[in-house]
Amino acid sequence: TLNNAINAGSGTVTIGANQNGAGAESFTMAAGSSITTTNTTANAVQINVNAAAGGTGTAALRSITTGDGGTLTVATNTGGNATGGDITQTAATLLNVGSGTINLTTPAIASANIGASATPILTSAGTIIASTGTSGIYITETDGADFTATATGAGPISLTSTTGALNIAGATSTGTGAITLTADTVNVNNTLSSTGALALNPVTAAGNLTVSSSSASNLTDGFSAITIGNAAGTGAVTVNALTVSDPLTIRSPTTTGTVTVNGPIVGLGNGTVAITGGTGATPIILNAGITTAGNTITLSDNVGLGANVTLDSSNAGGNPAGAAISVTGTVNADSAANNRTLTINSGTGGNTTLSGAVGNTEALQNLTVANSNVLSLQAITTTADVQLNAQNTVTLNNAINAGSGTVTIGAN
């Protein structure tokens, strides 16, 4: 037990506990204790608990500070130990290495954890690497960091950056546990995998969230569901190019909430796409299209087009039966002068339902429904051609005004 402060000046700090590998002797930082050094090396602070021969000791931390760029290492699996215990931290204390690295490791065994839901590990670091067992990882970073996290079994992974970007820099995975990433910016730059749920949240319900992925393969197949945004969100959710293979929900569904799609969204496997914004005039903004491999596309609000957009559930014909495509609100261009086009392909088996008017406030240039099983539309206003095609019925529930263009309807 550490009962007082350690100040090592510019030197390194090395602590070993339960080095004989016997029993449950642990390293505990008591009230009033702390560890401080200005050292900036890879060995700035090292805390090793247990030994290869055994031991079930834990590490209970309080405030530890290194020089900017130093490395803090805390391990309860010293020497390959397979029985060591948890790494925890007293609330309102901080592990601070500036732009440096924090390494936290326990054995990958049942009940082992790093932090806890109510008292996550609180850090200020450039890089955070954590590996544990089935009780999961809970870390809150104060200023953005690169994360790599690994848990086992049903161990959840909960990573938060209260300010700054949360970057998945290394392969991050658990077995069946949920993965929750909370920040104002989430950059998925390496693989995320689990058979549990994946949630990407803003820091608060009113906060904004931007999500990016550096590769189409980063969100690996197998999640039970992928959800971006808070269930009571009122902020702006922005999604850049994203490929998923599991059901995807993007939401900011309350009052001022908006969802902006800034890059193509692709749903492979069983990747359905559902987007819900708030109650404003245009809570869903599409600056890119959505494609799925025979999975539904559902836009549950008024939609604004900031680009020429394609909604395609047939995967460009790769899944010719397609799936239902529905828009519950209106569809308008950002400006009629921008000549926006909307192309929809729900395949031979998917129905297309546009429940609100198209172009009622800002006309589209063209509306094309390339293929659909059953097609249902409300009023349509364009400045040029309207083409409507269905394998079965086309139901027009209001007038079509194609300006100087032509209207072509093909139905069985």
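Which residues does S161 touch, not counting residues up to four places away in sequence? I would like to start there, and before I answer I should say that what we are looking at is a predicted model. The residues that S161 touches, with that restriction, are E141, D143, G144, L166, T182, A183, D184 and V203.

S161 itself belongs to strand β17, which covers residues 157–161, and its relative accessibility is 0%, so it counts as buried, given that buried means under 20%. Two polar contacts of its side chain can be picked out on the screen. In one of them the side chain of S161 reaches the backbone nitrogen of G144 at 3.1 Å, and in the other a polar atom of that side chain lies 2.7 Å from the backbone oxygen of T163. G144 therefore appears twice in this part of the talk, as a residue that S161 touches and as the owner of the backbone nitrogen that the S161 side chain reaches.

Let me move from that residue to the strands around it. As a reminder for anyone new to this kind of fold, strands of a sheet pair through backbone hydrogen bonds, and they do so either parallel or antiparallel. Strand β17 runs parallel to strand β20, residues 179–182, and four bridges join them, with I157 having I179 as its bridge partner in β20. Strand β20 is in turn joined by four bridges to strand β23, residues 197–201, and that pair also runs parallel; here T180 stands opposite A199 in β23.

Further along the chain we meet another set of parallel pairs. Strand β24, residues 209–213, is joined by three bridges to strand β26, residues 236–239, and the two run parallel, with T238 in β26 as the bridge partner of T210. Strand β26 then pairs in the parallel sense with strand β29, residues 258–261, over four bridges, and in that pairing A236 stands opposite T258.

What is the order of the strands in the open sheet formed by eight strands? Reading across, the order is β27-β30-β33-β36-β39-β41-β44-β47, and the pairing is parallel. The edge strands are β27, at 242–244, and β47, at 407–410, each of which pairs on one side only. From one strand to the next, the twist averages 10 degrees. Within this sheet I would point you to β36 and β39, which run parallel and are joined by four bridges, and where D312 stands opposite N345 in β39.

The loops next to these two strands deserve some time as well. In the loop between β39 and β40, the latter at 352–354, sits G347, and with a relative accessible area of 1% this glycine is buried. Its C-alpha atom and that of N373 are separated by 6.9 Å, although the two residues are 26 residues apart along the chain. N373 is also among the residues that G347 touches once those up to four places away in sequence are left out, together with S313, S314, P320, A321, G322, N371 and S372.

Two residues in this region have a backbone angle that I would ask you to look at. Most residues other than glycine have a negative phi. A316, however, has a phi near 55 degrees, which is a positive value in a residue other than glycine, and it is placed in the loop between β36 (309–312) and β37 (325–327). N339 likewise has a positive phi of about 55 degrees although it is not a glycine, and it is found in the loop between β38 (331–333) and β39 (341–345). As for their surroundings, A316 counts as exposed because its relative accessibility is 71%, and exposed means over 50%, whereas N339 is partly exposed, with a relative accessible area of 35%.

My last item concerns charge pairs. How many salt bridges does a search of the whole structure find? The search finds one, and in it the side chains of R340 and D334 meet at 2.9 Å, N to O. R340 is buried, with a relative accessible area of 16%, while D334, at 41% relative accessibility, counts as partly exposed. Thank you, and I am happy to go back to any of these places on the screen.

Methods: Residues numbered from 1 in each chain as written. Predicted model: local features only at pLDDT ≥ 70, side-chain atom pairs only at ≥ 80, totals over all residues. Heavy atoms only, no water. Buried < 20%, exposed > 50% of the residue type's maximum accessible area, 1.4 Å probe, protein only. Polar contact = N/O pair within 3.5 Å; in protein donor to acceptor, adjacent residues only side chain to side chain. Contact = heavy atoms within 4.5 Å. Pairing = 2+ DSSP bridges. Axes fitted to C-alpha atoms, helices over the stretch in contact; angles between N-to-C directions. Salt bridge = Lys/Arg side-chain N within 4 Å of Asp/Glu carboxyl O.
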